[in-house]
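Biologist: Before I use any of the terms for this model, I would like to know what stands behind each one. Could we go through them in turn?

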Amino acid sequence: MTHRIILFRGMNTGGVRAPVGEQRAMAEAMGLKNPRTLAASGNLVVESGKGAEALEADIETAMEKTFGLKVAAMVRTPEQWAKLIAANPFPREAAAHPAKVVAMVMKEGVKPGGLEAVQALARNGERVEAVGDVLFFWFPDGQGQSEIFKKATPRMLGMGTGRNWNTVLKLGEMAGAV
């Protein structure tokens with residue numbers, strides 16, 4: 001049994017709500033061990049022996065059954081998370097401004113042409129790089145003002161969910177990946 005990092009797409013946005021205490025209770029009812037949440041933004045760390053795809057399907061089913069929410073879940077092992085951290089193409093930026101670097105974990109990879117389409121939206125020093133199934137963003141002026149943030153959709157990129165570098169590192173600590 002090992003840690004699993006579970007990321008929910010769109011949690012606590014647009015009316016999608018699931019109280020963290022109830023998320024932990026749901027995880028326990030599923031037989032997952034030691035469930036912990038980070039903030040109220042769709043981050044859950046558990047201990048499980050299940051593979052990522054099976055756990056994703058089980059979590060998505062449980063979220064719909066428990067909360068009536070049809071949300072995508074992305075599951076990563078500590079080893080995968082450590083590789084994500086090591087692969088960050090913007091390490092200096094992340095060290096200086098961790099809230100302005102975002103790692104978007106993709107459920108089934110980046111759609112063909114998605115990287116180029118989102119790179120074309122970059123302005124004012126913004127940068128986007130893909131490493132495996134993760135898109136890394138550098139938003140020097142913050143993501144709230146970015147055309148990327150406003151226009152990059154699952155239709156363009158594929159299904160994914162982003163976390164700023166502070167959250168990436170905290171989840172890594174929780175799962176023993178750093």
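**Strand pairs and the sheet**

Biologist: Which residue of β7 stands opposite Ala130?

Modeller: Leu135 in β7 stands opposite Ala130. Bear in mind that the model is predicted. Further along, Val128 has Phe137 of β7 as its bridge partner.

Biologist: What makes β6 and β7 a pair of strands?

Modeller: Five bridges join β6 (residues 127-131) to β7 (residues 134-138), and the two run antiparallel. A pair needs at least two bridges, so five bridges qualify β6 and β7. They form a hairpin with two residues between the strands, where Gly132 has a positive phi near 60°.

Biologist: Which strands make up the open sheet, and in what order?

Modeller: The order is β6-β7-β5-β8, four strands with antiparallel pairing. Why are β6 and β8 called edge strands? Each of β6 and β8 (160-164) pairs on one side only. From one strand to the next, the twist averages 20°.

Biologist: Which helix lies across this sheet, and at what angle to β8?

Modeller: Helix α8 lies across β5, β7 and β8, and runs at about 95° to β8.

**Salt bridges**

Biologist: How many salt bridges are found in the whole structure?

Modeller: The search finds eight. One of them joins Glu64 and Lys70.

Biologist: Why is the pair of Glu64 and Lys70 called a salt bridge?

Modeller: Their closest N and O atoms are 3.8 Å apart. The cut-off is 4 Å, so the pair counts. Glu64 has a relative accessible area of 40%, whereas that of Lys70 is 72%. Exposed means over 50%, so Lys70 is exposed. Glu64 falls between the two limits of 20% and 50%, and is therefore partly exposed.

Biologist: How far apart are the closest N and O atoms of Glu93 and Arg127?

Modeller: They are 3.0 Å apart, and this pair also forms a salt bridge. Glu93 is in helix α4 (residues 91-96) and Arg127 in strand β6, so the bridge ties together parts that are 34 residues apart in sequence.

Biologist: Is Glu93 buried or exposed?

Modeller: Its relative accessible area is 13%. Buried means under 20%, so Glu93 is buried. Its partner Arg127, with 36%, is partly exposed.

Biologist: What is the distance from N to O in the salt bridge of Glu147 and Lys151?

Modeller: The distance is 3.2 Å; against the limit of 4 Å, the pair therefore counts as a salt bridge. Both residues lie in helix α6 (residues 147-151), four residues apart, which is about one turn of the helix. Glu147, with a relative accessible area of 29%, is partly exposed, and so is Lys151 at 47%. Elsewhere, salt bridges that share partners join Glu56, Glu60, Arg76, Lys107 and Asp133 into one network.

**Nonpolar cores**

Biologist: Which residues touch the most other members of the largest nonpolar core?

Modeller: Trp81, Leu84 and Trp165 do, in a core of 22 residues. Two or more residues each come from β1, α3 (78-87), β5 (101-106), β7 and α8 (165-174). Trp81 is in contact with Ile5, Leu7, Arg76, Val105, Val168, Leu171, Gly172 and Ala177, leaving aside neighbours within four places in sequence. Another core, of 18 residues, lies apart from the largest one and has Met11, Leu44, Ile59 and Leu69 among its members.

**Two single residues**

Biologist: Why is Thr2 called partly exposed?

Modeller: Thr2 has a relative accessibility of 28%. That value is neither under 20% nor over 50%, so Thr2 is partly exposed. Thr2 belongs to strand β1 (residues 2-8). Not counting residues up to four places away in sequence, Thr2 touches Val46, Glu47, Ser48 and Pro78. The C-alpha atoms of Thr2 and Ser48 are separated by 5.5 Å, although these residues are 46 residues apart along the chain.

Biologist: And Ser146: is it buried or exposed?

Modeller: Relative accessibility is 2% for Ser146. As the limit is under 20%, Ser146 is therefore buried. Ser146 is found in the loop between β7 and α6. Beyond its neighbours within four places in sequence, Ser146 is in contact with Glu126 and Phe139.

How values were computed:
Residues are numbered from 1 along each chain as its sequence is written. This is a predicted model: local features need pLDDT of at least 70, side-chain atom pairs count only at pLDDT 80 or more; totals for chains, interfaces and linings use all residues. Side-chain values use heavy atoms; hydrogens and water are left out. Buried means under 20% relative accessible area, exposed over 50%, partly exposed in between (1.4 Å probe, protein chains only). Contact means heavy atoms within 4.5 Å. A salt bridge is a side-chain nitrogen of Lys or Arg within 4 Å of a carboxyl oxygen of Asp or Glu. A nonpolar core is a set of buried Ala, Val, Leu, Ile, Met, Phe, Trp, Tyr and Cys residues joined through side-chain atoms within 4.5 Å. Axes are lines fitted to C-alpha atoms, for helices over the stretch in contact, and angles run from 0 to 180 degrees between N-to-C directions.
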